[in-house]
Amino acid sequence: FKSIVPSFPPPNWAQKNYSTTVSRRKDHHHLHVHLDQPPQKIVVIMGPTGSGKSRLSIDLATRFFPSEIINSDKMQVYRGLDITTNKIPMHDRLSVPHHLLGHLDPSQRPDLSPSDFRSAAAATISAISFRRKLPLVVGGSNSFIYSLVANRFDPGSDVFRESHPDPVCSELRYDCCFIWVDVALPVLNQYLRKRVDEMLDSGMFDELADYFEFDDEEASRGTRTGLRKAIGVPEFEPYFRRFGGGGAPKDDPLRRVVYEEAVRAIKDNTCQLAKRQVGKIQRLKSAGWDLKRLDATEAFRAAMEDGGSDSGKSSEIWGKQVLEPSMKIVKRKLEE
Ligand code: ATP
């Protein structure tokens, strides 16, 4: 890939499309200086849960461009439930700065609205661009992405409503390079079901047990937490309300049944979420947004055939079919 490493920012970044207007308004004796800057360039990585967006963002950020990442997943903005919400672990971030990731106190701010995200992420983008780095927006909440980049955003409208959605704004306030990591749903579903088992193996149950213990205390003070809707929380609620956090699910047959039911519901709801996310991305695409679709299906299929043994075949396919084309797309955008 070294041959396509661009310099960033490109040499003509600052000069191109730049004009300075100086005007003297009659009503005030002030000098007004307007800098008509070109819209900021940003990369937006879209895709359903589990499609490899975080991995691609790190691949792009570390190998080729000095970049910083802004999370656009509405559950990952909160502190806590790191395994349950699939936050990228610290050791996988490879020192790439991440913003709006786990910084909000879930009991202080029960729901971050798309408008809140629009202003917080816009301020972060300005700060990153000021450091002459490339902002990469990464996350599965398409309502957040829409609110951030639409030139006019009406908090009362819903462009993703199933019946009679409001029109999609086609004017964007950033010069966006949209990359859509797509995986055929049957293959993604198979992966997502397996991923839930892996998340449980790596501590999701204990994490939720702690959450419910804490939530009990909070509930008595009447607070509601921003993480209450994260997949895993409502599904495990019957288990923890009934049995509490002590003891293991395998301790008795009744616990086991309620536990298995929660796991089944998590798997089903994760697959449903992925399907809804793809629907929302397709809505933006068919409204004319220039989303560049990359198909990661083969890489996922190879990873599952490997059975987790990582023979390198899947990484090779990912490199050829996802990473390399994304690099070319981003490079082209930066040189425009
Ligand atoms: P909506 O309009 O339904 O809010 P959206 O595009 O704004 O959709 P999504 O990111 O699709 O938001 O999230 C919708 C729901 O999916 C969340 O409220 C939550 O239940 C679940 N969800 C999303 N991301 C995660 C995550 N990282 N971990 C756990 N659950 C999640």
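## A buried serine, a ligand shell and two further sites

Serine 129 is a buried residue, its relative accessible area being 16%. This value comes from a predicted model, and it falls under the 20% limit that defines a buried residue. Serine 129 sits in helix α2, which spans residues 114–130. Once residues up to four places away in sequence are set aside, the residues that serine 129 touches are Gln40 and Pro135.

A wider view helps to place this residue. The protein has 336 residues, and 46% of them are buried. Its secondary structure consists of nine helices and eight strands. Of the contacts in the protein with a separation of 6 or more, 75% are between residues 24 or more positions apart. The exposed area of the protein is about 17100 Å², and 50% of it is supplied by carbon and sulfur atoms.

The ligand makes a good next stop. It is surrounded by 15 residues, and Lys74, Ser141, Ser143, Lys229 and Lys280 are the closest. For lysine 74, a polar side-chain atom is found 2.5 Å from a ligand oxygen atom. Lysine 229 also comes to 2.5 Å from an oxygen atom of the ligand, here through a backbone N or O atom. With threonine 85, a backbone N or O atom is placed 3.1 Å from a nitrogen atom of the ligand. On its own, the ligand has 590 Å² of accessible area, and the protein covers 80% of this. Two elements, α3 (142–149) and α7 (253–286), give two or more residues each to the surrounding shell. Sorted by class, the residues of the shell are four nonpolar, seven polar and four charged. Both domain 1 (2–184 + 287–335) and domain 2 (191–267) contribute to the shell around the ligand, with at least three residues drawn from each.

Threonine 49 offers another site to look at. It is located in the loop that runs between β3 (41–46) and α1 (53–63). Threonine 49 counts as buried because its relative accessibility is 14%, and the limit for a buried residue is under 20%. The side chain of threonine 49 and the side chain of arginine 195 form a polar contact at 2.9 Å. Beyond neighbours within four places in sequence, the residues in contact with threonine 49 are Leu188, Leu192, Arg195, Thr270, Leu273, Ala274 and Gln277. Arginine 195 thus appears in this contact list as well as in the polar contact with threonine 49.

The last site is serine 314, which belongs to helix α9 (residues 313–335). With a relative accessibility of 8%, serine 314 is counted as buried. A polar atom of the serine 314 side chain lies 3.1 Å from the backbone oxygen of alanine 299. Alanine 299 is also among the contacts of serine 314 outside its neighbours within four places in sequence, together with Ala302, Ala303 and Asp306. Further back along the chain, alanine 296 is 18 residues away from serine 314, and the C-alpha atoms of the two residues are 9.8 Å apart.

Terms used
Residues are numbered from 1 along each chain as its sequence is written. This is a predicted model: local features need pLDDT of at least 70, side-chain atom pairs count only at pLDDT 80 or more; totals for chains, interfaces and linings use all residues. Side-chain values use heavy atoms; hydrogens and water are left out. A residue is near a molecule or strand if one of its heavy atoms lies within 4 Å of it. A polar contact is a pair of N or O atoms within 3.5 Å; within protein, one must be able to donate a hydrogen and the other to accept it, and residues adjacent in sequence count only if both atoms are side-chain atoms. Accessible areas come from the Shrake-Rupley method with a 1.4 Å probe; for residues, only the protein chains shown count as cover. Helices (H or I, at least four residues) and strands (E, at least two) are DSSP runs, numbered from the N terminus. Ala, Val, Leu, Ile, Met, Phe, Trp, Tyr, Cys and Pro count as nonpolar, Asp, Glu, Lys and Arg as charged, and the others, Gly among them, as polar. Domain bounds come from an automatic or database domain assignment. Buried means under 20% relative accessible area, exposed over 50%, partly exposed in between (1.4 Å probe, protein chains only). Contact means heavy atoms within 4.5 Å.
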